[in-house]
Amino acid sequence: MAEKKAFYITTTIPYVNAPPHIGFALEIVQADILARYHALLGEEVFFNFGSDEHGVKIYRKALEEGKTPQAYVDEYAAKFDALKGTLNLSYNAFTRTTDPHHKAAAQEFWKRCHVAGDIYKKNYQIKYCVGCELEKTDSELVDGKCPLHPNLELEVIDEENYFFKLSKYKQPLLDLYAAYPELVVPDFRFNEIKKFIENGPEDFSISRLKEKMPWGVPVPGDDSQVMYVWFDALVNYISTLGWPEDEKNFEKFWGTKEKPNGLQMAGKDQIRQQAAMWQAMLMSADLPQTKQIVIHGFITSGGHKMSKSLGNVINPFAIVEEYGADALRYFLARHVHPFEDSDFTMERFKEVYNADLANGLGNVASRILTLAQTHLPEPVQVELVPYPEEFTEALNNFEINQASEYVWGRIHALDKKITTTEPFKLVKTDAEAGKKLIVELVKELAAIDLLLEPLVPETSKKIIDAIVANKKPETLFPRKE
RNA sequence: CGCGGGGUGGAGGAGUGGUACCUCGUCAGGCUCAUAACCUGAAGAUAGCCGGUUCGAUUCCGGCCCCCGCAACCA
C-alpha cells in the first residue's frame, strides 16, 4: 500500500501579550479549512499552531502585572490554546516557545548558523526614548526626536549584540525566488519581498543583553546574551516536528531540499520575517526551504485598522458565544478575501448570518429533511462523491472564498429545485415519483454536506447525522433579529 | 519621485480582454415542503477622472484625483 501523502501546515504563532482577536481567528480558520480539506483528501496532516512567548514586551508586561514571566505566558498561552475549542480547530500541535524542547531546538539552530559563519558580534546602537520606555528607530523619529515626547532628548545606548548575516543571502534569496515562482502567494506580495531583497537587506540583530532583558533563550556559549525573540520563534515551525532529533518526522512533513513540503500561513506584516529572514536562516542551517507561504490581508472594522484606541476591536469569543463557531468560520471563509484586506462589522456579520446560514443552508436542510422524514420510510443511502474540480481548484489556490461561493451556489440551486419540481405536491398525486424526487434531493444535500465539512464541520456533522437518522434536525441557525 | 493596497448599481462585496455577478435594501408577482422562509420578475452602474494598446478594456499600460495601511496593541 502506498504511503499517505504528507501535508504540513502552520500558522504564524501569535505573540502572547494581548488576548486573541479576530485577526488570529482569520489565519487559524483559514489554516484549519485547508488542513481539514487535505485530511479529507486522505492525506496525513500535521497542523501546527502555538504561542510566541519571549521578548522584552512580554517581560515588561509581566512585571507590570506583578507576575513572573512564566506565569504570565502560561496564562496567555492557555487563552490562545482555548481557540481550539472555541473555533473548532483541528491542529495537532501547539508549540510554545518556552517549551524545553523548543528552546533546545532554537539553540541547535543557532549553533548551525554559527558554524556556517553567519553569526557575528558587533556593537549595536539604539536610540531610546525614556518617555515611551522604548527603542526608537530613525524612521520613527521626527526631527531627531520621539514624536510623542519631543521635549525629551533620546538616550543612545550602546550594546554588543549578535547579528545574522542576512546581507550574505541577498543573491541566494533572489535565486530561491526565481527557482520557486510560487513560494509566496499572492504575486503582489511576492513582488514586495523581491524588491526588498533587491534593495539589499541589512544584517539584523538576533540577541539581547541578558542583564537588561533576561526573558529569552540563552545564546549557546555566551551567558551574557539571550536570543532576540524572532530568531527563536521562527524555529517553532520545525521544532514542532521534533527537529533536530526526529529526522524522519521532520523530513516527512517539512520535506527535503529537493522537495520542500512546508506550507506557512502568515499576515501581510510578516512577509519579511517569513519570506526573507526565515528562508535565509534555513539556508544557513542547511535545511530545506519552506514550500509555500500564503500571505493574507488584515481585517479592518468600519474601514479602519482595529485598535484599542479606536474601540473597533472585534472579539471572536463574543461572536462565537452568540452565533456559534461555524457562523464565524463561514464569514471568515466566504466574506473575507483570502489575500486582501476585508472589512468586518457586526451589522454585516448579522446580515450574512441571516441570509446565508439561517435562510440559506439552515432552511434548505430543514425543507428537505422534513420532506424526507414525512414521506420516506427509511433513511436514504448516501454515497461519497468526489470533490468537484471547481471546489478543489479554488482550495488548491487558497481561494477559500471562491470555494465557499461555489458551495453556496449549490445551496441556492437546491432551493430552486425544490420550488420548481414541487415534491410536496408530487407526493400527493404520484407517491412513488414524489419519493424518488425526495431521495434525489436528500442525495444532493448529502453531496453539499461533504463540501461543507472543511468549512463548517459542526454543521456538516449535524446534517449528515440527520440524513442518516432520516429526521429533521434541530434548527441549525436560528434567525437573528 | 519611500513602500504597498484600493476606488464596481442606494449599502457591502466578488469576478473578468468580448451579454457586468452576489448579498442586503426597494417594487411587483408566485409558492406553502421550510427557520415571517423559499422561487420568479422589475427598477437601479456612462465600472474615480483622462489618455494609450486592441476588432473589442471594468479587466492590460501611462498620467492624474481621492481613500487606507506602513509608531504602539497587532494578523
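**Exercise 1.** Decide whether aspartate 415 is buried or exposed, and describe its salt bridge partner.

*Solution.* Aspartate 415 has a relative accessibility of 15% and therefore counts as buried, where buried means under 20% relative accessible area, exposed over 50% and partly exposed in between, with a 1.4 Å probe and protein chains only. This is a predicted model, in which local features need pLDDT of at least 70 and side-chain atom pairs count only at pLDDT 80 or more, while totals for chains, interfaces and linings use all residues. Residues are numbered from 1 along each chain as its sequence is written, and side-chain values use heavy atoms, with hydrogens and water left out.

Next, aspartate 415 forms a salt bridge with arginine 367, and their closest N and O atoms are 2.5 Å apart; a salt bridge is a side-chain nitrogen of Lys or Arg within 4 Å of a carboxyl oxygen of Asp or Glu. Arginine 367, at 27% relative accessibility, is partly exposed.

**Exercise 2.** Find which residue meets arginine 96 in a salt bridge, and state how accessible each partner is.

*Solution.* The side chain of arginine 96 meets that of glutamate 53 at 2.7 Å, N to O. Because arginine 96 lies in strand E3 (residues 93–96) and glutamate 53 in the loop between strand E2 (44–51) and helix H2 (56–64), the pair ties together parts that are 43 residues apart in sequence; helices (H or I, at least four residues) and strands (E, at least two) are DSSP runs, numbered from the N terminus. Finally, arginine 96 is partly exposed at 22% relative accessibility, whereas glutamate 53 is buried, with a relative accessible area of 0%.

Notes:
Chains lettered and ligands numbered in written order.
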